[in-house]
Amino acid sequence: MSRTIRFNAFDMNCVGHQSPGLWAHPRDRSWQYKDLEYWQDLARTLERGIFDGIFIADVVGYYDVYKGSNWHALQQAAQIPVNDPLQLAAPIALATEHLGIGITASTSFEHPYTFARRLSTADHHTKGRVGWNIVTSYLESGAKNLGQEGLKRHDNRYEVAAEYVEVLYKLFEGSWEDGAVLRDRDRRIFTDPAKVHEIGHRGRHFTVPGYHLCEPSPQRTPVLYQAGASGPGKAFAAAHAECVFVAAPLKPMLKAYVADIRAQAQAAGRSARDVLIYNLTTVIVAETDDAAQKKFEEYQSYASYDGALVH
Ligand SMILES: Cc1cc2nc3c(=O)[nH]c(=O)nc-3n(C[C@H](O)[C@H](O)[C@H](O)COP(=O)(O)O)c2cc1C
């Protein structure tokens, strides 16, 4: 049976992302990450190359474990400096017609009420092309700079994430009915208040009694991505994710992961094929294998080992 293969570019609003040291290569352009034209150019190239989406990773915080400080991360631009990913959605949408735009945001560092508004706004601006990569975050430095004592325990982070998405579902799906916005000039009624509802959420981690601030966006709930690898992470992905990222270096590992996610999705009452799975792969393109190998070796000569160890 033939199946569609899907391609999703993986990048980050920073220098280098997963290739520390390559910023020094003469053809590197990732230092232009601060320019919208750079992102629009990349997005147009991906759309021409029939990619389904561009996906922007993110961390809040910095890597300061290697050699006990942030020195090497800064020196080698290992995911710092890093800009806000969500702000790329609208300009990428303006430069393209159908490319999906996946944005990473953490359930540990922002209240779901304000994040729901930011995501709905992006869904309006992209006319329904935005996705959310749900992460629970792993950088202690992020938690500390937000005034927390440190990161919550791993499993507890997924418990918080489960309630976080529950709040978002309620805001996106349950607050504004279809047809609530009338824009009726004759009767002078913009919104029919009877069709806008408080969500009344009182949970263990969040209290959100009221209304969503945005009128329904094209998708209401944007496409959900996730990349859980642990037991709780995979259970979360099986329950919520429409696209799952995995970084499996070998085929048997990938096969086992895929079988597990599909089985868990089915156990959660979904169809196994509801979940699209993207494996992380680096491809070096050239006219011949030899030329690709040479290119690879040339790129490798720019690699920063300190930068890599920072990750
Ligand atoms: C391809 C891929 C992309 C990821 N992107 C991010 C990211 O942008 N930000 C982040 O904090 N974590 C990211 N992660 C980490 C995952 O969210 C997750 O925490 C990790 O896979 C470990 O799984 P666990 O949370 O179940 O332990 C990524 C993981 C993979 C495999």
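How far is an oxygen atom of the ligand from an N or O atom in the side chain of Ser230? The separation is 2.5 Å. This briefing concerns a predicted model and covers the ligand site, the parallel strand pairings, the salt bridges and two points of backbone geometry. The ligand is surrounded by 16 residues, and the protein buries 81% of the 610 Å² that the ligand exposes when taken alone.

**Ligand site**

- Among the 16 residues around the ligand, the closest are Asp58, His154, Tyr158, Ala227 and Ser230.
- Two of these closest residues also appear in the list of side-chain contacts: Tyr158 has a side-chain N or O atom 2.6 Å from a ligand oxygen, and for Ser230 the corresponding distance is 2.5 Å.
- The backbone also takes part, since a polar backbone atom of Ala229 lies 2.9 Å from an oxygen atom of the ligand.
- By residue class, the shell comprises nine nonpolar residues, six polar residues and one charged residue.
- Strand β4 (130–135) and helix α6 (154–174) each contribute at least two residues to this shell.

**Parallel strand pairings**

- Strand β4, a contributor to the ligand shell, runs parallel to β9 (residues 223–226) and is joined to β9 by four bridges.
- Within this pairing, Trp132 has Leu224 of β9 as its bridge partner.
- Strand β9 also pairs in the parallel sense with β10 (residues 243–246), here over two bridges.
- Gln226 stands opposite Val244 of β10.
- Between β9 and β10 the chain passes through helix α7 (residues 231–240), and this β-α-β crossover is right-handed.
- Strand β10 in turn pairs with β11 (residues 276–279), again in the parallel sense, over four bridges.
- Val244 has Ile277 as its bridge partner in β11, while Gln226 stands opposite Val244.
- A right-handed β-α-β unit is formed by β10, helix α8 (residues 251–267) and β11.
- As a general matter, side chains in a regular strand alternate between the two faces of the sheet.

**Salt bridges**

- The structure contains nine salt bridges.
- One of them joins the side chains of Arg29 and Asp41, with an N to O distance of 3.0 Å.
- This pair links distant parts of the chain, 12 residues apart: Arg29 is in the loop between β1 (8–12) and α1 (36–48), whereas Asp41 belongs to helix α1.
- In general, side chains of opposite charge can pair when their charged atoms come close.

**Backbone geometry**

- Most residues other than glycine have a negative phi, and most peptide bonds are trans.
- The peptide bond between Ile80 and Pro81 is cis, with omega about 5°.
- Pro81 is located in the loop between α2 (71–75) and α3 (89–95).
- His17, a residue other than glycine, has a positive phi near 55°.
- His17 is placed in the loop between β1 and α1, and Arg29 of the salt bridge with Asp41 is in the loop between β1 and α1 as well.

Terms used: Residues numbered from 1 in each chain as written. Predicted model: local features only at pLDDT ≥ 70, side-chain atom pairs only at ≥ 80, totals over all residues. Heavy atoms only, no water. Near = heavy atom within 4 Å. Polar contact = N/O pair within 3.5 Å; in protein donor to acceptor, adjacent residues only side chain to side chain. Areas by Shrake-Rupley, 256 points an atom, 1.4 Å probe, with all protein chains shown as cover. Nonpolar A, V, L, I, M, F, W, Y, C, P; charged D, E, K, R; others polar. Pairing = 2+ DSSP bridges. Right-handed = clockwise from strand over helix to strand, strands pointing away. Salt bridge = Lys/Arg side-chain N within 4 Å of Asp/Glu carboxyl O.
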